[in-house]
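User: I'm new to this one. Could you walk me through how the labels for it are justified?

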Amino acid sequence: MVDPASYALFRRRAVGLAPAAFVLARAARTDLTRGELASLPEGDLFRRHAEAMEGYRAALARDEGRALAATTPPAGEASLLDLKVELATRLLAPCRLCHLRCPVDRLAGETGRCGLGAGLRVYRDIVHLGEELELVPTHTLWLSGCNWRCAYCSDWAHVERPETDPEVALERVARSIDARRAEGARSLTFVGGLPDVNLPGIARVLALTRASVPVVWNSNMSATPEAHDLLEGLVCAYVADLKYGSERCARAGSAVPASLEVVHDNLRRVRAEAWLIVRHLVLPGHVDCCALPALDWLAAHLPGARVNVMGQYEPLPEVRGTAWDRRVTADEVARAREHARALGLDLEGPGPLPPPDAGTPDGDERAASPAVAFESTIRIGSDGRVVFEDLPPDLAALAADLAGDDDPDLSARRRAARPWAGDPGPAGGG
Ligand code: SF4
């Protein structure tokens, strides 16, 4: 029996020994004509989707979907991936992609909290080595727009004003994915911004992609159950934020109402569907109210989960004079990490994928491919600090050594004006 939540399956997909989830969805049948796809009511289409997903899961359990991936639906029949694209598009009117459920018709050009219409805006496209070791090198696409407004967001301009980023041709994005995979990228990460609010465009891109590459979904985990129905069968791994231990802190830090239960429900759900890495960014003054309770919840509900406790919080100029205006201390990060260890959570992970030219543990040479190129940025901030962005872990550690910094998590921050400048922040620990 194949466990879709296991790292073993993700690894086999990453090295080319098992088909990616969306490749199976493209091969899976629905018994729907294309005419029915366009004309049937949404409720009927979701019922047909649930039936088709049973076939998808059975094929995955049989042989990791290899036999299914070698087939195509008969001419004129919609595939499971076509059905996902149609349903994701229908969720735009009114928008039901995330828990905010804004009463807007994005197909008609109306916008909700995320500020997005129906198109896809990509503001960065690189091969990234600075992610968790089991994911890299990962072809990473940064998508404009998000439903939350975090005081420490590193991509504020693309979140607050997504309309200033260019809308991209989906075919061009798909060809970029094919090219990066051929160069040796082991996974395909959608980040932002937030991929959840961009699901219809992403599903369309995947329908146009020829390469088989496992999709990694980097999310605040606030999508609706309907959207998550569609994500199963597209996503092979989640990089999921678990940011807060209370609604009060979520409101203070991300200006978001009633989110904890949504995030918890989604974390429980996806753990059964894909490889899951949970990230917790330690926030200044939020160890007792957020880090420790979040890790407690994780240990109670997802025992042994893979977790990355991150210490690179960096205050931005716009929060000067507020409680957000300091870096986290080494003691705060150490307390959170020690707590995670004591709870039996997995801070280390499975380690790196085999190098592109080393074949696989099975000795299969299909994994061989040229070394992948990557891009990094080095900036000098207005305060004179040198900031590294997107460095692979070995170079990040070297940079930290040179800088005399104990924490190799170095990152850049770009920022425009934001509403938290006057916010008292987390003083009092939420
Ligand atoms: S994705 Fe979320 S924030 Fe954006 S319009 Fe839809 S419900 Fe609103």
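**Confidence, cysteines and the ligand**

Analyst: Sure. This is a predicted model, and its protein chain averages a pLDDT of 88, with 82% of the residues scoring at least 70. Over residues 358-371, though, the pLDDT is below 50, and that stretch has 27 contacts in the model beyond near neighbours in sequence. Residues 406-430 also stay under 50, with 87 contacts beyond four places in sequence.

User: Why is Cys 98 called buried?

Analyst: Its relative accessible area is 8%. Buried means under 20%, so Cys 98 counts as buried.

User: And what makes Cys 249 buried?

Analyst: Here the relative accessible area is 1%. That is under the 20% cut-off, so Cys 249 is buried.

User: How many disulfides does the structure hold?

Analyst: Zero. Take Cys 249: the nearest cysteine sulfur belongs to Cys 290 and is 3.6 Å away. A disulfide needs the sulfur atoms within 2.5 Å, so Cys 249 is in none.

User: Which residues surround the ligand?

Analyst: Among them are Cys 95, Leu 97, Cys 98, Arg 101, Cys 102, Arg 106 and Val 197. By class, the shell has six nonpolar, two polar and three charged residues.

User: What kind of space does the ligand take?

Analyst: The largest cavity.

Technical notes. Residues are numbered from 1 along each chain as its sequence is written. This is a predicted model: local features need pLDDT of at least 70, side-chain atom pairs count only at pLDDT 80 or more; totals for chains, interfaces and linings use all residues. Side-chain values use heavy atoms; hydrogens and water are left out. A residue is near a molecule or strand if one of its heavy atoms lies within 4 Å of it. On a 1 Å grid over the protein atoms alone, a cavity is a set of points where a 1.4 Å probe fits but cannot get out, and a pocket is an open set with protein on both sides within 12 Å along at least five of seven lines; lining residues have an atom within 4 Å of a point. A molecule sits in a cavity or pocket if more than half of its atoms lie within 2 Å of its grid points. Ala, Val, Leu, Ile, Met, Phe, Trp, Tyr, Cys and Pro count as nonpolar, Asp, Glu, Lys and Arg as charged, and the others, Gly among them, as polar. Buried means under 20% relative accessible area, exposed over 50%, partly exposed in between (1.4 Å probe, protein chains only). pLDDT is the predictor's confidence in each residue, from 0 to 100. Contact means heavy atoms within 4.5 Å.
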